[in-house]
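Open the structure in your viewer and keep the sequence panel visible. The tour goes from one selection to the next and says what is there at each stop.

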Amino acid sequence: MIKKPTSSNGWLDQYLDLVTEDDLITGFKNQTSESLEFFSGLTEEQLLYRYEEGKWNIKELLVHMMDAERVFCYRALRFARYDQTVLAGYSHNDYVMNSKASERSIRSLLEEYAVVRTATVALFSNFAPEVLDNRGVANGVDMCVAAIGFAILGHERHHLQVIREKYLKA
């Protein structure tokens with residue numbers, strides 16, 4: 001069982017605060033099912049909707065969540081392996097704009113989402129317990145391996161809340 005750290009530092013805390021699960025792997029598995037069902041139920045019109053000019057549509061948000069999950073997993077892997085290299089941030093806007101998410105089918109996006117999440121579960125499930133507290137610096141924030149995992153859950157939860165409040169109420 002991977003327990004949630006009480007806090008991290010900086011911007012990571014906003015995501016940790018959204019996670020209510022006690023166990024990371026259970027949280028990943030439950031969230032995966034919920035997200036697949038949620039996104040599968042949206043129409044193409046909903047998936048392409050932007051609540052404001054310059055905002056991402058829902059397909060782009062889904063790709064952003066996958067990109068961020070991959071980046072977070074990379075950070076967790078580096079820190080779990082005792083790599084003390086300070087890691088830079090990344091431009092999530094550039095990633096989304098270059099993803100061509102709007103041109104893809106929801107089926108292809110959800111297939112990719114399932115694969116990304118399966119890889120995340122495998123990664124965190126196989127970390128030795130003693131490396132979960134390993135720390136490193138990424139995007140200017142000191143963080144531990146376990147906090148990164150829970151931040152993945154919270155990051156997705158944040159975006160699902162935004163979708164429900166700003167995209168689907170319109």
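**Stop 1: a pair of tyrosines**

Select Tyr-51, which is partly exposed, with a relative accessible area of 24%. Keep in mind that the model is predicted.

Now add Tyr-167, whose relative accessible area is 6%. Buried or exposed: which word fits Tyr-167? The answer is buried, because the cut-off for that class is under 20%.

Six aromatic pairs are counted in the model. Tyr-51 and Tyr-167 form an aromatic pair of the edge-to-face kind, with 5.0 Å from centre to centre and 85 degrees between the planes. Where does each ring sit along the chain? Tyr-51 is in the loop between α3 (44-48) and α4 (58-80), while Tyr-167 belongs to helix α7, so the pair ties together parts that are 116 residues apart in sequence.

**Stop 2: two helices side by side**

Next, select residues 24-40, which are helix α2, and residues 145-167, which are helix α7. The two helices pack at an angle of about 25 degrees, and their axes are 10 Å apart. Angles under 35 degrees count as roughly parallel, and α2 and α7 are therefore roughly parallel to each other. Their crossing is left-handed.

To see the contact itself, show the side chains on both helices. On α2, select Leu-24, Gly-27, Phe-28, Gln-31, Ser-35, Phe-38 and Phe-39. On α7, select Gly-149, Phe-150, Ile-152, Leu-153, Glu-156, Arg-157, Leu-160, Ile-163 and Arg-164. How many residues of each class are in this contact? There are nine nonpolar, four polar and three charged residues.

**Stop 3: three phenylalanines and an alanine**

Keep Phe-28 selected and add Phe-124 and Phe-127; these three form one aromatic cluster.

From Phe-127, move to Ala-80, which touches Phe-127. Ala-80 is found in helix α4. With a relative accessible area of 3%, Ala-80 is buried. Which other residues does Ala-80 touch, leaving out residues up to four places away in sequence? They are Val-131, Asn-134 and Val-145.

Then pick Ala-128 and draw a distance to Ala-80. From C-alpha to C-alpha the two are 8.6 Å apart in space, and they are 48 residues apart in sequence.

**Stop 4: two loops with positive phi**

Go to Tyr-82, in the loop between α4 and α5 (92-97). Its relative accessibility is 54%, and Tyr-82 counts as exposed. Tyr-82 has a positive phi of about 65 degrees, although it is not a glycine.

A second residue to check is Asn-139, in the loop between β1 (135-138) and β2 (141-144). What is the phi of Asn-139? The value is near 55 degrees, which is positive in a residue other than glycine. At 40% relative accessibility, Asn-139 counts as partly exposed.

**Stop 5: an arginine on a strand**

Finish with Arg-135, which lies in strand β1. Arg-135 counts as partly exposed, at 35% relative accessibility. Select Arg-70 as well and draw a line between the C-alpha atoms. Arg-135 and Arg-70 are 18 Å apart in space and 65 residues apart in sequence.

Technical notes
Residues are numbered from 1 along each chain as its sequence is written. This is a predicted model: local features need pLDDT of at least 70, side-chain atom pairs count only at pLDDT 80 or more; totals for chains, interfaces and linings use all residues. Side-chain values use heavy atoms; hydrogens and water are left out. Axes are lines fitted to C-alpha atoms, for helices over the stretch in contact, and angles run from 0 to 180 degrees between N-to-C directions. Helices (H or I, at least four residues) and strands (E, at least two) are DSSP runs, numbered from the N terminus. Angles under 35 degrees count as roughly parallel, over 145 as roughly antiparallel, 65 to 115 as roughly perpendicular and the rest as oblique. A crossing is left-handed if the near helix is turned anticlockwise from the far one by less than a right angle, and right-handed if clockwise. Contact means heavy atoms within 4.5 Å. Ala, Val, Leu, Ile, Met, Phe, Trp, Tyr, Cys and Pro count as nonpolar, Asp, Glu, Lys and Arg as charged, and the others, Gly among them, as polar. Rings of Phe, Tyr and Trp (its six-membered ring) pair if their centres lie within 6.5 Å; planes under 30 degrees apart count as stacked, over 60 as edge-to-face and the rest as tilted. Buried means under 20% relative accessible area, exposed over 50%, partly exposed in between (1.4 Å probe, protein chains only).
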